[in-house]
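Me: I've got a protein to look at for class and could use some company. Can we go through it together?

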Amino acid sequence: MNRRLEQPDVEFQVLDEDAEDAALLLALAAARGGTQFPGAGPAAEECATDEGRLLLVAYVDRWPTGCGGYRPFAADPAGETVEITQMYVVPGSQRAGLARLILAELEGAAEEDGYRRVAVRIGGGQRAARALLDRKSVV
């Protein structure tokens, strides 16, 4: 049963994608049809460097429960935009508000890193992602 994270005990850590918790979540995301952070996906060839990439893992009650990542958006020659490249929440915690918290944390981290805009690409079959972004008025 999913529960709302009204007063969540959520902690965030920035990890390398090969860290144990990050690798586990990325493997689960890939198994469900997601793209792995940071090198996979249609825009991977557009990003020539690892500099500026970030992978954030969300822990709920100390368990790795979700992740999100970004990288510099190569289509922005000014270097002011990041692209969200990965968001994943384990099935038992989906529809409880965790993705919204991860996205907000990613946006805050991007701002702290000096980025001014966030870009997101969503595939046609990702209805939950579209609904999350529609609620935030992100296109």
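**Starting with helix H1**

Reply: Sure. In helix H1, the buried residues are Ala22, Leu25, Leu26 and Ala29. Keep in mind that this is a predicted model.

Me: Why are those on the same side of H1?
Reply: Because they cover an arc of only 100° around the axis, they end up on the same side of H1.

Me: And which exposed residues are on the face turned away from the buried side?
Reply: That face of H1 carries the exposed residues Glu20 and Ala31.

Me: What covers the buried residues of H1?
Reply: The cover includes E2, strand E3 (63–72) and E4.

Me: How many residues does H1 have, and how far does it reach?
Reply: H1 runs over residues 20–31, so to speak a stretch of 12 residues. From its first C-alpha to its last it reaches 16 Å, close to the 16 Å expected at 1.5 Å a residue. Just after H1, Gly33 takes a positive phi of about 100°.

Me: Switching topic: which residues have the most contacts inside the largest nonpolar core?
Reply: Leu54, Tyr70, Leu98, Ile102 and Leu106 do, in a core of 16 residues. Strand E2 (54–60), E4 and helix H2 (98–112) each supply at least two residues of this core. The largest share, 6 residues, comes from H2.

Me: What does the second, separate core include?
Reply: That one has 11 residues, including Leu15, Leu25, Val57 and Tyr59. You've met Leu25 already, as one of the buried residues in H1.

Me: Now Thr81. Where is it found?
Reply: Thr81 is in strand E4, which covers residues 81–89.

Me: Buried or exposed?
Reply: Thr81 is buried, with a relative accessible area of 6%. Leaving out residues up to four places away in sequence, Thr81 touches Arg71, Pro72, Phe73, Asp76, Tyr115, Arg117, Val118 and Ala119.

Me: Which side chain does Thr81 join by a polar contact?
Reply: Arg117's: a polar contact of 3.3 Å joins the two side chains.

Me: Last topic. Where is confidence lowest, and where is it highest?
Reply: Confidence is lowest in helix H3 (residues 127–135), at a mean of 53, and highest in E2, at 95. The protein averages a pLDDT of 77, and 68% of the residues score at least 70.

Me: What about residues 35–49?
Reply: There pLDDT stays under 50, though the model has 35 contacts for that stretch beyond four places in sequence. Where pLDDT is low, the predicted coordinates shouldn't be read in detail.

Definitions and conventions. Residues are numbered from 1 along each chain as its sequence is written. This is a predicted model: local features need pLDDT of at least 70, side-chain atom pairs count only at pLDDT 80 or more; totals for chains, interfaces and linings use all residues. Side-chain values use heavy atoms; hydrogens and water are left out. Helices (H or I, at least four residues) and strands (E, at least two) are DSSP runs, numbered from the N terminus. Buried means under 20% relative accessible area, exposed over 50%, partly exposed in between (1.4 Å probe, protein chains only). A polar contact is a pair of N or O atoms within 3.5 Å; within protein, one must be able to donate a hydrogen and the other to accept it, and residues adjacent in sequence count only if both atoms are side-chain atoms. Contact means heavy atoms within 4.5 Å. A nonpolar core is a set of buried Ala, Val, Leu, Ile, Met, Phe, Trp, Tyr and Cys residues joined through side-chain atoms within 4.5 Å. The expected span of a helix is 1.5 Å times one less than its number of residues. The arc is that of the directions from the helix axis to the C-beta atoms. pLDDT is the predictor's confidence in each residue, from 0 to 100.
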